[in-house]
Every structure is written in C-alpha cells, then in structure tokens.
Amino acid sequence: MIEDDHLTPSLMSNQRYSDDDGFVPPEGLCWVSVLSCLLLACSYVGSLYVWRSELPRDHPAVIKRRFTSVLIVSTLSPVFVWAWKEFTGIRPEPSLLELMGIRLQGLLPAIILPLLLTMVLFLGPLIQLAMDCPWGFIDGIRVVVDPRFWALCLSDMRWLRNQVVAPLTEELVFRACMLPMLVPCAGPSTAILTCPLFFGVAHFHHVIELLRFRQGTVSVIFLSAVFQFSYTAVFGAYCALIFIRTGHLVGPVLCHSFCNYMGFPAVSAALDHPHRLTVLSFYLLGVLLFLLLLFPITDPLYYGWPTPACTLAPALSSVCS
C-alpha cells in the first residue's frame, strides 16, 4: 500500500477499514481498485460505440444515441463502487452517495468557489472575449436572462453534450466513482495524479473517428491525440483535486462545463491581438492568481472537514488539510 507521510491518529480514526473484529485491507486492494477503474472507463467509452453508424460524432442522431448509452452507464456506475466496497470489505463511515460527492454540507460554497477559481484561471481569455465581443455588458445580460436563448441552447444537441451531459457523466464516472476506489490504496495525492490517466486515455477514442473520416493525416491526428491526452490529464488532476478537497461533485461538473465552453486558451490569437500587451498581462495575472488562490479557495474547512474521500485516506495528506 502506498501511503502519504505524516501519520496522525486524528485522521486515521476516521478510517473505516475494519469491522467489529478489526479488518486488514487485502494485499490486492490496489489491483482491485485499478482494475475496477479500468473496467468502468472501458464501459463508459465502449457505450459510445454500441451504436453502428456511418455518421460523424457531431450529427444529432449520433449524439442522441450516445446520450442514451452514457446515461445508462453513468446511472449504473455507483454499482461499481458498491461492488468494490463489498469485495474489499472496506466500510467507510460516509454513505455511498456522500463518497461520490452528493451531499448537502458545504453545498453552496462548492457551487460558487471552484467555478470562480476556474474563471480566475481563464481571466486572460475572458478579457480577450470581452474585448472582441460586439455586445455591450447590458446586451449580454439581456441575452442571458432571455428564455428564448436557453430554449435555443437546450434544442442544440452539441450544446447539451458539451455543457450538460459530458460534464455530468464524465465527472460522475471519472471522479466521483474512481477517486473513492483509488484513495484507500494510493492516498489522496497519488490518486489525484492517477485518476486523470483513465480520463485522458478515455479521450483517445476520438482518434478512431478522426481516422475513420480521414480528418487529417495519421501524424497530425496522432499529435492531436497526444496533445488532447496531455491537457485532459492536467484538467482531470485539477478536477480530482477539487473533488477531494471539497467533497462535492457539483464543483468539478460546473468547472468542466465552463472549460468546455471556453475551450483551450487561444494563445496565438492573444499574441496577434491589437491590445496584445493588455491581453497577455491578464493571461499572466490569471495564472498567478489561480496558483495563489488554489488551496485557500478549496480549503476543506469551507465544505465540511474531513471531506468524505479524505476519510478513506490511509494517512494524513496535505491535500486533505
């Protein structure tokens, strides 16, 4: 078992590995946890391909079919965590839903603070977007509060996929279900770095469709896949950190949706912007503020310490305090 440093009785007292007679976790716990996560990831990605179609992934008919399959897998994903608990004999104090970040304690700050933190990181792109937007601030507010705008969004299958279904189902499967299985084995810090690997690899399935529809040369598609794996893994680590430190699913879901809307920062456009110095200054300021605020804003004390995932930790970690 991999453990973090600095054992303390206070956190270990929250550990619920044992039954009445004192239970020692099986030596194969890490193998069971990793294989469970791998099976869950394969189930999620595999569900996208149960439908045979010659249409591209952005076609509304394809999106609707995939909605059905991923929603079924996501609904069944808590069964993986329950089966893992039963097989390993681990008996955590929090309930299954609480372990998966579905709880009321600290809900309001979990909705607001992680999203604000992510917006700080995107300060440069947001300023760039505001400068280039032909609308004024008041016009933007009018659009946001207009029911017709939201009706148009909800009727767009790609918008629903990118802003609602993908963030919700991916965070449920790849964070809320996997992290509770990885933390007892590896500790919070290692779990944060391990969990995104499943998330990053899961996005490699896009290569299949790019090759299938010949959307570029093999080398370009491969480089694109490597780049996508890299930034999805980094993003996954960030969402995993938010999940463990806040103990809530809603924060990662909202951050995921926001990042899907913003896309990868258009650094090349910022370099060519008429107000390049101003835009790049906000890019740098956003990154510095993000690094400065990352741990204070996600302090578990705001969300109910210790958070459910942290009660599974084999030892105290700075991630949980």
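Trainee: What makes the lining of the second largest pocket nonpolar, polar or charged by class?

Mentor: In this predicted model, the lining has 20 nonpolar, four polar and no charged residues. Tyr and Cys count as nonpolar, and Gly counts as polar.

Trainee: What is the volume of the second largest pocket, and which residues are closest to its centre?

Mentor: The volume is about 1,100 Å³. The lining comprises 24 residues, with Leu129, Val144, Phe149, Phe258 and Tyr261 closest to the centre. At least two lining residues come from each of α5 (107-121), α6 (123-132), α7 (137-144), α8 (147-154), α9 (157-202) and α12 (250-262).

Trainee: Why is isoleucine 244 said to be in contact with Val183?

Mentor: Contact means heavy atoms within 4.5 Å, and isoleucine 244 meets that with Val183. Beyond its neighbours within four places in sequence, its other contacts include Leu179, Pro188, Ile192, Thr307 and Cys320.

Trainee: How do you know that Ile244 is buried?

Mentor: Ile244 belongs to the largest nonpolar core, and a nonpolar core is a set of buried residues, so its relative accessible area is under 20%. Ile244 is also among the members that touch the most others, as are Phe174 and Tyr238. Of the 63 residues in this core, α9 gives the largest share, 20 residues.

Trainee: Which stretch should not be read in detail, and why?

Mentor: Over residues 1-24 the pLDDT is below 50. Where pLDDT is low, the predicted coordinates should not be read in detail. The 55 contacts of residues 1-24 beyond near neighbours in sequence are contacts in the model. Helix α1 (residues 9-12) has the lowest mean pLDDT among the elements, 36, and α5 the highest, 98.

Definitions and conventions: Residues are numbered from 1 along each chain as its sequence is written. This is a predicted model: local features need pLDDT of at least 70, side-chain atom pairs count only at pLDDT 80 or more; totals for chains, interfaces and linings use all residues. Side-chain values use heavy atoms; hydrogens and water are left out. On a 1 Å grid over the protein atoms alone, a cavity is a set of points where a 1.4 Å probe fits but cannot get out, and a pocket is an open set with protein on both sides within 12 Å along at least five of seven lines; lining residues have an atom within 4 Å of a point. Grid points are joined across faces, edges and corners, and a volume is the space filled by probe spheres set on the points. Helices (H or I, at least four residues) and strands (E, at least two) are DSSP runs, numbered from the N terminus. pLDDT is the predictor's confidence in each residue, from 0 to 100. A nonpolar core is a set of buried Ala, Val, Leu, Ile, Met, Phe, Trp, Tyr and Cys residues joined through side-chain atoms within 4.5 Å. Buried means under 20% relative accessible area, exposed over 50%, partly exposed in between (1.4 Å probe, protein chains only).
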